[in-house]
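Open the model in your viewer and keep the selection panel at hand. The stops below go from one group of side chains or strands to the next.

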Amino acid sequence: MARKTATVEARPAVELGGLPPGPGLFVGRRAELAALEAGRGGVVAGRCPVLVVAGRPGSGRSSLAVRFAASVAAEYPDGVASARMSAPDGRRVAPERAARELLEQLGVEPPAALPEGAEAEAGDGPACRALREAVAGRRTLLVLDDVRDAGQLWPLLAVAPGALVVVTTAGPLTGIEGIDPVILGGLGLRASIELVSALAGGTRVAADPVAVAGLVEACAARPAALRLMAGWLRAVPKAAVTEATRALNGAAAAGLIDLTAEGRRRGKEERNGGRAPAKPTGSPQGVGPAKAPAGEKGPKAGRPVLEDVGEPVPVPDSDPLDAAFLLTYRALPAPQARMLRMLTLAPRQQADVRTASALLGCPAPEAASVLQKLTDRELLEEEPPAADGTARYRVPGRFLPRLVRMREELDRPSEVQLARARLLERLVRLVESARALLDPAAGPGPEPLPGALRLRDAAHARLWLAQERGRLLAAVADAIGQADLDGSAGRLVSALLRALPLTGQAAPADLYRLHGLVLRVAERGGAPRRAAAALLNLGNLQAAAGHWEDAAERYQQALGLARTAGDELACARALEGVAESRRALGDAVRAADWYGRALALRQGLGDQRAEARLLARVAEAHLAQRRYEEAEREYRAALAVLRRLADERGLRAVGAALERLRALVEAERLHPSSE
């Protein structure tokens, strides 16, 4: 077997576009990296090469996949993209949704989102087909993190021998032939020691290598557990490594991973003035857990060091990651523990000082301090900073289910709803501020935010909107999905619809998604006028994309709702939209009928400009049917209206159309065509 050697590498200074950030520190895994490199040439099931990294949460599977992808990304010049295939709550992400995300990263306009619920059933839908077409025959690298089953993966695989797909998963992906996964166990001892030494400081580690070997064994050499215990040691600088091992073993043996009981205790303390937990006796600075049971005295002096540093460390029966997490969490002061739980509400579990301060309801400097302390404890992952230098953080997926359970147990529903409302209102203010900076003529913005949170100028606003677009859309979707903050969510949708087009990067798919959310809220709230407006906007987007049948359907739905609401202007817009759709589909007879109905309504509203435009459209529909007399009559009527309006440009355009009609009639009189 290839010998594993330890190596400590820092995160690259420049993150590669399309790849998630790698770990701040990477150790070992030389044999696994070599195995991935060796497997690059094998095509799976006649489609493309697929490399699978399998391992339990906390094994470092995502870190390894990203590290390998970054090392080979330069060999895939046609694009690098990544997607997470599991939602924060553990549900599988539909292949359609992942395909749209991958297409956006590859610079390909994705198809419009399917209706709610349909994408989960689609399996192999239009976005999956578009992705395979975009990748086929090209050298593209895709990283798919936390794939749950083969049904998620197969629709995303293109016939592209020069491409590469790197997958992480917790178990075997049965059903696809030719996959030979790289299975992760624990790190080697040397790599584990180097990781702890780099994170906790080398003095204590070098002073007692036997104790460090015991800590590594207690953590089963799993990178996530080792990182947590290194953070524990950093927070308790006077504690010996043996005390960390004893605390971890005690946490596991005493069954302290019962989060429900822990939640009740902690919730009472936090509701009594936010006091931190009482310090247990016998542990350094109150950070350790309860005493270990009799006979469990921790690592003893003289324990032999494992000789073969390449062999994985034995895995104990209990999960060391659970014990390490709860041990670290129990040591947190109440504000830090509450911040950690509230960050599960952040869009995509990503936060900066702007969102974190809103969730916790605290000043920006306090939020920044708490975020950094949680990062030092290895409970948050620090992401590359935003373009304006703002530090950004992520709740690791391996901790998210535990934290969600804690939040549900500890925090009152009213407190959670208030935190979500504060976040939405903060995002509304930021988006409205960005809109005001980008388009001052459209009106003043909201009251400025404090200096640390403020957008400084138009360039900063444009950059912030572009970078935060995904999180803003996720925040809206989350809020509307929960259906209890429709007012705040609706304001955020409206703000985004005004602001995103000002960046010049508003993708039609984003606008379609936002108008779809407006429709959902309007239908839920029994607001037919607003629902009709949303349907009209959706129809316009479908028409702009050339999807005329879908556009006609949207316009007709809008017509029914507009009639219910008594909104004649919306009725006129819907009638004209249906007519335009029928005209584009080559159905001149039905187009003329719909144009005529829209014309009658516009005349009743006294809208002369729209009347002139529709008269010309009716004339064109007659002309398409070779009904020349009717076409000339409508053109003349349009000219009469335009003269009353003194619209010289319109008069020239309709006059030219009328001259072309007369020339056509004369040509047919001189050279009649045979029927």
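**A tour by selection**

Start with Asp593, which is partly exposed at a relative accessible area of 42%. This is a predicted model, and every value quoted on the way is computed from it.

**Stop 1: helix α25**

Add Arg597 to the selection. Its side chain and that of Asp593 meet in a salt bridge, 3.8 Å from N to O. Both residues belong to helix α25 (residues 588-605) and are 4 residues apart, about one turn of the helix. Arg597 is partly exposed as well, with a relative accessible area of 33%. Now show Trp594: the charged end of Arg597 sits over the ring of Trp594, 4.1 Å from the ring centre. Arg597 thus takes part in a salt bridge with Asp593 and has its charged end over an aromatic ring.

**Stop 2: helix α24**

Select Arg583 and Glu580. Their side chains form a salt bridge at 3.9 Å, N to O. Helix α24 (residues 568-584) holds both, 3 residues apart, about one turn of the helix. Arg583 is partly exposed, at 38% relative accessibility.

**Stop 3: a buried salt bridge**

Next select Arg61 and Asp146, whose side chains meet in a salt bridge of 3.1 Å, N to O. The pair links distant parts of the chain: Arg61 is in helix α2 (residues 61-72) and Asp146 in strand β6 (residues 141-147), 85 residues apart. Are these two residues buried or exposed? Arg61 has 9% relative accessibility and Asp146 has 11%, so both count as buried, the limit being under 20%. Extend the selection to Arg84 and Asp145; together with Arg61 and Asp146 they are linked in a network of salt bridges. Over the structure, the count of salt bridges comes to 40.

**Stop 4: a three-stranded sheet**

Switch to a cartoon view and find the open sheet of 3 strands, ordered β9-β11-β10, with antiparallel pairing. The edges are β9 (350-352) and β10 (381-383); each has a single partner strand, so one side of each is left without a neighbour in the sheet. On average, neighbouring strands here are turned by 35° against each other, direction ignored. Follow β10 to strand β11 (residues 392-394): the two pair in the antiparallel sense over 3 bridges. To see one of the residue pairs, select Glu381, whose bridge partner in β11 is Arg394. Then show helix α16 (residues 364-376), which lies across β9, β10 and β11 and runs at about 50° to β11.

**Stop 5: the aromatic cluster**

How many aromatic pairs does a search of the whole structure find? The search finds 2. For one of them, select Phe325 and Tyr329, which are stacked with 6.3 Å centre to centre and 20° between the planes. Both lie in helix α13 (residues 320-330), 4 residues apart, about one turn of the helix. Phe325 and Tyr329 are both buried. Phe325 also forms a stacked pair with Phe399, at 5.1 Å centre to centre and 25° between the planes. Phe325 is in helix α13 and Phe399 is in the loop between β11 and α17 (400-410), so this pair ties together parts that are 74 residues apart in sequence. Phe325 is buried at 1% relative accessibility, and Phe399 is buried at 0%. Phe325, Tyr329 and Phe399 form one aromatic cluster. Finish by adding Arg402: its charged end sits over the ring of Phe325, 6.0 Å from the ring centre.

Methods. Residues numbered from 1 in each chain as written. Predicted model: local features only at pLDDT ≥ 70, side-chain atom pairs only at ≥ 80, totals over all residues. Heavy atoms only, no water. Salt bridge = Lys/Arg side-chain N within 4 Å of Asp/Glu carboxyl O. Buried < 20%, exposed > 50% of the residue type's maximum accessible area, 1.4 Å probe, protein only. Pairing = 2+ DSSP bridges. Axes fitted to C-alpha atoms, helices over the stretch in contact; angles between N-to-C directions. Contact = heavy atoms within 4.5 Å. Phe/Tyr/Trp six-rings, centres within 6.5 Å; stacked < 30°, edge-to-face > 60°. Lys NZ or Arg CZ within 6 Å of the ring centre and 35° of its normal.
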